[in-house]
Every structure is written in structure tokens, then in C-alpha cells.
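Q: Please take a close look at a single part of this model, and then set that part beside other places in the chain. A connected account would be preferred to a list.

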Amino acid sequence: MVGTMIKIPAGSHGMVYVRVSTAHQAEDELPVDSQIAELKAAVAAAGATCEVVTDAGISGTDFEHRPGLQEIVARAREPKPNFKWVLVWKLSRFGRDIEEGLIYRAVLRKKDIELISYKEPIPEGPLGQLITHVLMAVDQFYAAATAADVLRSQKELARQGFSAGGRPPVGYRREPVQVGTRYDGTPLTRIRWVPDPEAAPRVVQAFQMAAEGVGYDQIVAATHICQNKSSLATILANPIYRGVKVFNRETRVEGEHGRKRRRNGADDVVTSEVDPIVPEPLWNRVQELLTRRREHRLAPQRYAGGYVLTDILRCACGARMAGTNSRSYRYYRCVARCGRPHVRADLLDTGVMDLIRRTLITPKAIREMIDAINEHGRLVAANQAPELQRVQRQIASLEKQEANLRRALRTARPNAAERIALEIDQVAAEIREAVVKRDDLEQVRKPLSTSKRFVQQTMDEMTGLIDDAALDTRVAWVRDLMDRVTVDGREEHAVAIWRTASDDGVNRSDSVSSWLRR
Ligand SMILES: [Zn+2]
């Protein structure tokens with residue numbers, strides 16, 4: 001098995017960051033206090049000091065309110081940050097998904113601040129870097145599975161016109177409503193969102209001010225319905241205020257230039273009615289103004305031209321190199337204009353990606369990676385064992401309930417029979433949901449094979465991953481793996497210097513020459 005990499009230098013200072021992802025995950029994992037205690041003990045054992053930053057009790061997809069993580073990133077961006085590492089329980093706690101995690105890691109790396117995962121054993125070197133990415137992707141997959149679970153039941157509740165959980169938007173409050181009685185006599189309640197008599201008038205005032213063209217800062221100051229301008233924009237666009245509660249309207253997807261929102265198909269969208277707060281004409285007037293505002297905004301152009309290597313390229317003269325679109329081919333050119341010829345960007349990019357592929361995607365490396373992922377899977381399974389047992393017990397108990405209800409149905413009078421039939425329906429639905437959950441949890445426990453065939457298949461897939469990865473991801477990989485690539489356009493020669501230091505402390509370097517000979 002690969003060695004663990006929790007290497008906190010003695011005498012160093014760092015940050016311990018702890019986040020609870022969802023209530024569901026919080027059940028599976030150590031309580032936050034225990035996580036903090038364990039992490040602090042690891043820091044003390046290494047002879048280092050730390051500050052503890054927490055974002056507790058928020059859901060993984062609720063990414064606006066993570067002041068702790070934002071603070072760490074902000075402090076890392078300061079000219080001279082006073083910490084050398086960030087210790088997290090798991091990598092998935094650092095950023096809401098792989099892309100954000102990569103961006104934040106890049107911020108840290110720029111300042112030589114190391115991100116250390118307590119729970120994930122990662123070998124050193126380029127392989128470790130790649131595994132880190134894979135683990136983050138695996139975690140993201142699990143997070144998506146949990147999210148899908150939550151979504152299923154939320155959609156059902158929304159369909160029935162009840163709160164799909166979570167906090168209602170400003171202007172509404174939660175109110176429990178009894179909708180029936182369970183067979184055992186206990187009340188069956190659901191949460192409904194109803195206008196809040198104290199806050200609703202201030203929401204209307206905000207819409208009126210917006211319709212009159214008052215600036216957002218002024219509206220926020222006058223109504224206190226939110227903290228900032230961007231929250232106000234969200235409020236003003238929310239159709240709930242005209243009485244239509246839309247659930248599951250869009251999905252966030254990864255695109256070439258980062259996150260995009262994709263509208264879900266009509267079948268996936270659930271609408272229900274709530275009491276409106278804002279009169280329809282006023283709501284419509286504000287929407288027109290919002291549309292006009294949006295048209296004035298420009299889409300961000302990141303990594304314009306698709307140059308992967310811009311951040312790490314150095315000309316032989318020592319200057320940086322930048323991409324250019326001025327000719328029929330895309331070129332990297334020396335920004336100091338030292339006179340060395342431009343180099344073809346497509347060929348150099350391909351050469352560097354080839355080098356990464358040849359170095360990382362070997363059968364031995366893949367086997368080590370599979371071992372690491374299986375180790376990770378065992379940790380996840382150990383965390384989830386109590387949850388799996390709970391679900392198995394729940395299914396057994398529900399099946400017993402269902403059998404009892406069916407027995408009761410056979411002897412029931414007609415008016416009672418109808419109610420029992422409804423109860424059976426509900427129990428059957430609960431069983432189906434629990435079975436799906438059990439199957440998902442069991443799926444997680446299956447270890448990956450290290451057979452020749454699977455290793456070859458994984459090699460092929462990783463090759464495809466490198467070729468097809470989004471530009472942002474490829475940029476992050478190259479930046480993570482390589483310190484720099486030095487190019488001499490005159491000598492037609494390029495050398496990549498990896499981030500890993502060899503035993504004698506010299507960074508490994510490899511020639512990238514294939515870019516010339518095509
Ligand atoms: Zn130059």
C-alpha cells in the first residue's frame with residue numbers, strides 16, 4: 001500500500017478546516033467536534049501550530065455561505081500569508097466540487113501553501129497529484145449520489161405542494177400542517193411555506209423600489225431583506241413571490257469555461273402553488289428590468305484562445321510566453337520579444353500532454369492508483385456501515401408494517417379500508433425509496449479489480465480523460481504537475497520541469513521534443 005502523506009513540518013503554522021457537508025453525511029461521519037479534536041491532535045503531534053476554521057451544518061450544494069472557506073482563500077491571497085498548509089478531513093470538504101477545489105488549490109499552491117487531506121492516503125509525486133484529482137472526482141460522484149437521493153424525496157414533497165425542506169425565502173415562514181393521521185394514530189404533518197406578516201411587506205417594498213429603478217444598494221439598505229446586491233437579484237427573480245413555487249428548474253453542469261446552468265426538461269420541473277406576496281403586474285415589471293440588466297453583462301473570457309500552457313511557459317531568455325492568434329496557426333511567443341521564433345501552440349500542448357500521459361499512465365501507476373481508490377472506498381464504506389445497517393433495518397420494519405396493513409385490509413370495513421389502502425401505498429413508496437438507497441450504499445462497497453483487463457481499460461479511460469478534459473481542468477493538471485516548461489524556439493527544444501523533487505533534491509526534468517517533428 002502507498003505511504004500516507006500527512007506531512008506537517010515541525011514548527012510550521014497552518015489552518016485546520018472542517019466542514020459538515022449534509023445532515024446525512026454528518027450522521028455517517030465523526031461529529032465536527034471530534035474531527036477538530038483529531039486534526040488538532042495530528043497537528044500537535046507534528047510539533048506545529050494551527051488555527052481552526054469551520055463551516056458547520058450546511059449542505060454541500062449551498063455554496064454561498066461558507067465564510068470559513070472564503071476566509072482561508074482570502075488570507076491565502078494576501079501578499080504574505082502567515083500559514084504554510086491547510087489540513088482538511090477529506091478533500092471533498094475543500095470546495096463544493098472538483099473544479100472549485102482545483103481553483104482554490106491553485107490559489108494555495110501559488111503561495112506554496114500545501115493542502116493536506118487527513119483521511120486520504122496519497123503517495124508523493126506526480127502520481128499522487130493525479131490521484132488527488134481522481135479522489136476529488138470520486139468524492140464528487142458520491143456527493144452527486146447523495147444529492148440525487150435528497151432530490152427524489154424533495155421532488156415528491158414539492159409535487160404534493162409541501163415544503164421541499166430547507167429555509168424558505170425571505171418573506172415566507174415555515175408552518176406545520178396536519179394532513180392526516182397515520183395508521184398507528186400519530187399525526188401526519190408536512191411543512192408549508194406561508195407569507196410572513198413581518199417580512200412580506202418589506203419584500204413588496206423591494207419590488208416596488210426595483211420597479212422604480214432605485215439602485216440595489218439603496219434597496220438593500222431600506223428594506224434589510226438581504227445582505228447584498230447579488231442576493232437581492234436572486235430574490236427579485238424568484239417566481240415564488242407571485243405564488244408559483246418552482247422546484248428543480250435547473251441543473252448545474254460543467255462546461256468548457258466553468259459552471260453553467262442548464263434548464264431541466266419540463267418533466268423534471270415541479271411547480272406548486274403558494275400564497276403570492278407580490279402582485280403579478282409588479283412582478284412582471286421587475287422581470288423586464290432584470291432582463292435588460294442581464295443583457296448589459298459580458299460573459300467572462302477565461303483562457304482565451306484555449307492556451308493550456310500560458311501559466312508555466314518560459315522562454316529560453318527567461319521571459320514569460322503568451323498565446324497569440326495573429327496567424328493561421330496558434331503560437332506561443334516570448335513576451336520580451338527576444339527574437340526567438342514563435343512556437344506552434346497545438347504541437348507544444350500535445351507534446352506536454354503526451355509527456356504527462358507517458359509518465360503517469362503506466363500499468364504500475366494505475367495499479368497503485370486502484371489500490372489508493374480501494375483504500376479510500378474502504379474508508380467510505382466504514383463510514384457508511386452504520387447508515388447501511390440503519391437502512392436495512394428500516395426496510396425490514398417497513399415490510400413488516402406493510403404485511404400488517406394487508407392483513408388488516410382483508411377484515412376492514414369499507415370506510416376504514418380506503419384509509420388502509422392509502423397507508424399501504426405510502427409504505428410501499430417508502431420501501432422503494434429505502435431499497436434504492438440500500439443499493440446505492442452497497443454499490444459503494446465494491447472494490448475495484450486490479451486484473452490486467454481492468455488496468456488496461458482504466459489506462460484507456462485515463463488517456464481519454466486527459467484528451468477530453470475541459471480546458472480549465474487540463475490547465476489545472478499541467479499547473480499541478482509541472483513547475484515550468486522552458487522553450488527555446490531557436491534551438492527547437494523544450495524541457496518540462498516537474499514539481500516532484502528527486503532524492504537529491506533536484507526537480508525531475510524531461511525533454512519535450514515531439515512538438516518539432518510533426
Ligand atoms: Zn525570449
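A: A helix, as the word is used here, is a DSSP run of H or I covering at least four residues, and helices are numbered from the N terminus. The model is a predicted one. Its protein chain contains 14 helices and 17 strands, and the part examined here is helix α6, which comprises residues 200–211.

The length of α6 can be checked first. Helix α6 has 12 residues, and at 1.5 Å a residue these should span 16 Å; the C-alpha atoms at its ends are 17 Å apart, so the two values agree. The next point is burial, for which the criterion is 20 or more other C-beta atoms within 10 Å of a residue's own. In α6 the residues that meet this criterion are A200, V203, A206, F207 and A210. They occupy an arc of only 115 degrees around the axis, and therefore lie on the same side of α6. After α6 comes G213, which has a positive phi, near 85 degrees.

A second glycine, G47, belongs to the loop that connects α2 (32–45) with β2 (49–55). G47 counts as exposed because 11 other C-beta atoms lie within 10 Å. When neighbours within four places in sequence are set aside, the contacts of G47 are A10 and G11. A10 is 37 residues from G47 along the chain, yet their C-alpha atoms are 4.7 Å apart.

Strand β13 (residues 331–334) offers another pattern of burial to set beside α6. In a regular strand, side chains alternate between the two faces of the sheet. In β13, Y331 and R333 point one way while Y332 and C334 point the other way, and all are buried. β13 pairs with strand β12 (residues 321–324) in the antiparallel sense, over four bridges, and C334 of β13 has M321 opposite it. β13 is also joined by two bridges to strand β14 (residues 343–344), again in an antiparallel arrangement. There, Y332 is placed opposite V343 of β14.

These local views belong to a protein chain of 518 residues, of which 26% count as buried. Among the chain's contacts between residues at least 6 apart in sequence, 65% join residues at least 24 apart. To return to helix α6, its buried residues, among them V203 and F207, share one side of the helix, whereas the buried residues of β13 point both ways from the strand.

Conventions
Residues numbered from 1 in each chain as written. Predicted model: local features only at pLDDT ≥ 70, side-chain atom pairs only at ≥ 80, totals over all residues. Buried ≥ 20, exposed ≤ 12 C-beta atoms within 10 Å, placed from the backbone. Contact = placed C-beta atoms within 7 Å. Pairing = 2+ DSSP bridges. Expected span 1.5 Å × (residues − 1). Arc of directions from axis to C-beta.
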